[in-house]
Amino acid sequence: MSVQRRHAMMIYLYLLLNFVLCEEGRIITPEGGTEAREYQCVADANSAPTSFVWRYQGQALPDGVRPEGDRLHFLELNSDLNGEYSCEVTNPYGTAVYSIYRHIVDPDDTHNEL
């Protein structure tokens, strides 16, 4: 894919936070991660998180997306996987849910202006 086509791909991240007994948290693209292919759920809680549960629009993850602890991996980069992804973080004192809206515009779907 050419540099020009990669730049045509737009990524919109809208962070929606909902806290329960966690001081601060968010979903980020981890350092060294490939933009839009991997996200990390970061929770600054009073006690270390004991579990991470990833969901797609409140349901099971679609094919092409793989959870691995605090990380979510996208095996494909296309608009079929657009939508809201949430990470439910649990520690001994409670649960927090952090969400991100992932919107990829396929380069083939954009119109080139002359």
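The exercises below work through the fold, the disulfide, the nonpolar core and the charged pairs of one chain, each with a stepwise solution.

The structure is a predicted model, in which local features need pLDDT of at least 70 and side-chain atom pairs count only at pLDDT 80 or more, whereas totals for chains, interfaces and linings use all residues. Residues are numbered from 1 along each chain as its sequence is written, and side-chain values use heavy atoms, with hydrogens and water left out.

**Exercise 1. Describe the overall make-up of the chain, from its secondary structure to its surface.**

Step 1. Helices (H or I, at least four residues) and strands (E, at least two) are taken as DSSP runs and numbered from the N terminus. On that basis the chain has 1 helix and 8 strands, and their order along the sequence is α-β-β-β-β-β-β-β-β.

Step 2. A residue is called buried under 20% relative accessible area, exposed over 50%, and partly exposed in between, using a 1.4 Å probe and protein chains only. Of the 114 residues of the chain, 34% fall in the buried class.

Step 3. Contact means heavy atoms within 4.5 Å; among contacts between residues at least 6 apart in sequence, 58% join residues at least 24 apart.

Step 4. The accessible surface, from the Shrake-Rupley method with a 1.4 Å probe and, for residues, only the protein chains shown as cover, comes to about 7200 Å², with 48% of it belonging to carbon and sulfur atoms.

**Exercise 2. Find the disulfide, give its handedness, and state which strands it ties together.**

Step 1. A disulfide is a pair of cysteine sulfur atoms within 2.5 Å, and the count by this rule is 1. The pair is Cys41 and Cys87, whose sulfur atoms are 2.4 Å apart.

Step 2. Cys41 belongs to strand 3 (residues 38–44) and Cys87 to strand 7 (residues 83–91), so the bond ties together parts that are 46 residues apart in sequence.

Step 3. The torsion about the S-S bond of Cys41 and Cys87 is about -100°, and the disulfide is therefore left-handed. Both Cys41 and Cys87 are buried.

**Exercise 3. Identify the residues that touch the most other members of the largest nonpolar core, and the strands that supply it.**

Step 1. A nonpolar core is a set of buried Ala, Val, Leu, Ile, Met, Phe, Trp, Tyr and Cys residues joined through side-chain atoms within 4.5 Å. The largest one has 18 residues, of which Ile27, Phe74, Tyr85 and Tyr98 touch the most other members.

Step 2. At least two residues of this core come from each of strand 3, strand 4 (51–56), strand 6, strand 7 and strand 8 (94–104). Strand 8 gives the most, with 4 residues.

Step 3. Tyr85 can be followed further: leaving aside neighbours within four places in sequence, its contacts include Ile27, Leu72, Phe74, Tyr98 and Ile100, and also Arg55 and Arg102.

**Exercise 4. Trace the network of salt bridges that includes Glu38, and add the polar contact of Gln40.**

Step 1. A salt bridge is a side-chain nitrogen of Lys or Arg within 4 Å of a carboxyl oxygen of Asp or Glu, and the whole structure holds 4 of them.

Step 2. In one of these, Glu38 pairs with Arg71, the closest N and O atoms being 2.8 Å apart. Glu38 lies in strand 3 and Arg71 in strand 6, so this pair ties together parts that are 33 residues apart in sequence.

Step 3. Arg71 also meets Asp70 in a salt bridge (4.0 Å, N to O), and Glu38, Asp70 and Arg71 are thus linked in a network. Within it, Glu38 is buried at 14% relative accessibility, while Arg71 is partly exposed at 27% and Asp70 is partly exposed at 23%.

Step 4. A polar contact is a pair of N or O atoms within 3.5 Å; within protein, one must be able to donate a hydrogen and the other to accept it, and residues adjacent in sequence count only if both atoms are side-chain atoms. The side chain of Gln40 makes such a contact with the side chain of Asp70 (3.0 Å). Gln40 is in strand 3 and is buried at 15% relative accessibility.
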